[in-house]
Every structure is written in C-alpha cells, then in structure tokens.
Amino acid sequence: MKKTNGLWTILNLIFLVIFNVLFFTLGGVEHRVSVWVSYGFIHFAYFMLLLTPKLTRAGKSSAVFGFSLYAISATYFLAEFVIGLLFILLSLEGYKAALLLQLCLAGAYGALLVSHLLANEATGNAEEKRQPQIDYVKNASIRLKLLLGQIQDKEARRHVERAYDALYSSPVHSYPELAQIEKRILQSIEQLENIISAGDKGKIMSSAHALLAIVNERNMRLRNSG
C-alpha cells in the first residue's frame, strides 16, 4: 500500500516538476503580474484535479460519482492550462484580462462542481435510506427460499411457495408506518421455521397462509399509499 501511494505521488508530481522547470528555465523569475496570475490559476486547477477523488462520496455509486466529478475537474484543468499558457506566452502588461477571464472560468468550475457534489449527496442519502428496505425484502426472501428446501410434502411446499413469491415480488420501498407489519412478517417467518422443523403439515400450511396474508396486507398498503 505504501509503495502504491508513493508511486501515485510521483506520478502526480511529474506535471508540476516539468511545468515549473520549463517555466523558470525558459522564462526566468521576473514576470509580469498577468503571468503570475495565470501561473497560480494553472496550479489551482491541477491541485483541484488531484483533490477531486477525495471529494467523491463513498457508497454503491461511488464509481459513477467519482467519474462525473473527475470529468468536470479534468475539463477545467485542460481549459485553464490552455488559457493560462496563452496568457503566459502573451505576457500582457495589464493583468485584469487574465485575472477576470480565469476567475470567471474558476467560478463556473466551482459552481458546476458544487452542484454535482450536492446532487451526489442527495443520491447517496437516498441510496442509504433505500438499502435497509432492499435488505429487508432480500433477507426475508432468502430465509423463505431456504425453508422450501426443507419441506418434503408437495402441498405444504406449494403454500410456502405462494408466500415466497408474494414476498419476493414485494416493493422494496417502505415507510415508518409499515415497521410493525414488517416485524410481524419476520416473526411469522421465524414461526414457520420452527413449525417446519417439527414437520407438521397442517401447521405448515396454516402458518404459510397467515404469512401470505400479512405480506399481501403490506403490499396492498404500499400500493394504496402510492
């Protein structure tokens, strides 16, 4: 890990070293204000490019978030490098044109970057909120599917399969008012696990029917709320 970090650091420094060596070797240390303004903005754009991965929110969609942010920073850096280099070569006596143009470019970049960061935060928060709901349906369905493999009687198995199909196809979204009914579903699955272990066909069908009724109630309440 340390070796990898060191290699990335070297890679990131290559541009800075080459640019500064060329800048000071070819142009010396005496420059007009417009040149120093452009020099500073180019470095700012490059440092923002390096900083962008740190701004990416961790999560399921972090790769998508990171790509969009990096594309914005990379585009800004390339645009700033071209414009800044042009002002450096021109070495204008006045500095206002260089300052105002590059300041506007940086402002546009900042606004675009922040807007994407806000959008990513909203998407990430929605994903975090939705994940427990997805996990609820997924985990409950897995538990029922495992139970199906333990049932030998075909008729009893069909009853449990109907409950499994209803639960598996249930909407993953939820809301706080459904917490009690979802708790009842999990309790019914646990009860069904114990009954299947005992091997009582009648109780298995009865318990599966009761579970199906609760799952259907949840699904109906979700449809009505929509």
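A residue counts as buried when its relative accessible area is under 20%, as exposed when that value is over 50%, and as partly exposed in between. These terms return in the legends below, which describe a predicted model.

**View 1. A nonpolar patch on the surface, with Leu22 as one of its members.** Leu22 has a relative accessibility of 47%, and it therefore counts as partly exposed. This leucine lies in helix 1, which covers residues 2-27. Leu22 belongs to a nonpolar surface patch that also includes Leu7, Trp8, Ile10, Leu11, Ile14, Ile18 and Leu26. Together, the residues of this patch have about 860 Å² of accessible area.

**View 2. The whole protein chain, built from seven helices.** The secondary structure contains zero strands beside these seven helices, and the pattern read along the sequence is α-α-α-α-α-α-α. The protein chain has 226 residues, of which 33% count as buried. Of the contacts between residues at least 6 apart in sequence, 75% join residues that are at least 24 apart. The accessible surface of the chain comes to about 13,900 Å², and carbon and sulfur atoms account for 65% of that area.

**View 3. Helix 6, with its buried and exposed residues.** Helix 6 runs through residues 179-198, and its 20 residues reach 29 Å from the first C-alpha to the last, which is close to the 28 Å expected at 1.5 Å a residue. Which residues of helix 6 are buried? They are Ile181, Glu182, Ile185, Ser188, Ile189, Leu192, Ile195 and Ile196. These buried residues cover an arc of only 130° around the axis, so they sit on the same side of helix 6. On the other side of the helix, Gln180, Asn194, Ser197 and Ala198 are exposed. Helix 6 is followed by Gly199, a residue whose phi is positive, near 80°.

**View 4. The salt bridge between Asp153 and Lys201.** Side chains of opposite charge can pair when their charged atoms come close. The structure holds six salt bridges, and in one of them the side chains of Asp153 and Lys201 meet at 3.6 Å, taken from N to O. This pair links distant parts of the chain, for Asp153 lies in the loop between helix 4 (96-148) and helix 5 (154-168), whereas Lys201 lies in helix 7 (residues 201-225), 48 residues apart. Asp153 is partly exposed, because its relative accessible area is 28%, and Lys201, at 33% relative accessibility, also counts as partly exposed.

**View 5. A salt bridge within helix 5, between Glu161 and Arg157.** The side chains of Glu161 and Arg157 meet at 3.3 Å, N to O. Both residues lie in helix 5, where they are four residues apart, or about one turn of the helix. Are these two partners buried or partly exposed? Glu161 has a relative accessibility of 28% and so counts as partly exposed, while Arg157, with a relative accessible area of 30%, is partly exposed.

**View 6. The salt bridge between Glu217 and Arg184, and a network of salt bridges.** The side chains of Glu217 and Arg184 meet in a salt bridge at 3.9 Å, N to O. This pair links distant parts of the chain, with Glu217 in helix 7 and Arg184 in helix 6, 33 residues apart. Glu217 counts as partly exposed because its relative accessibility is 28%, and Arg184 is partly exposed with a relative accessible area of 36%. Elsewhere, Asp153, Glu155 and Lys201 are joined into one network by salt bridges that share partners.

How values were computed
Residues numbered from 1 in each chain as written. Predicted model: local features only at pLDDT ≥ 70, side-chain atom pairs only at ≥ 80, totals over all residues. Heavy atoms only, no water. Helix = DSSP H or I, 4+ residues; strand = E, 2+ residues; numbered from the N terminus. Buried < 20%, exposed > 50% of the residue type's maximum accessible area, 1.4 Å probe, protein only. Contact = heavy atoms within 4.5 Å. Areas by Shrake-Rupley, 256 points an atom, 1.4 Å probe, with all protein chains shown as cover. Expected span 1.5 Å × (residues − 1). Arc of directions from axis to C-beta. Patch = residues over 30% accessible without salt bridge, like charges linked within 9 Å, V, L, I, M, F, W, Y side chains within 5 Å. Salt bridge = Lys/Arg side-chain N within 4 Å of Asp/Glu carboxyl O.
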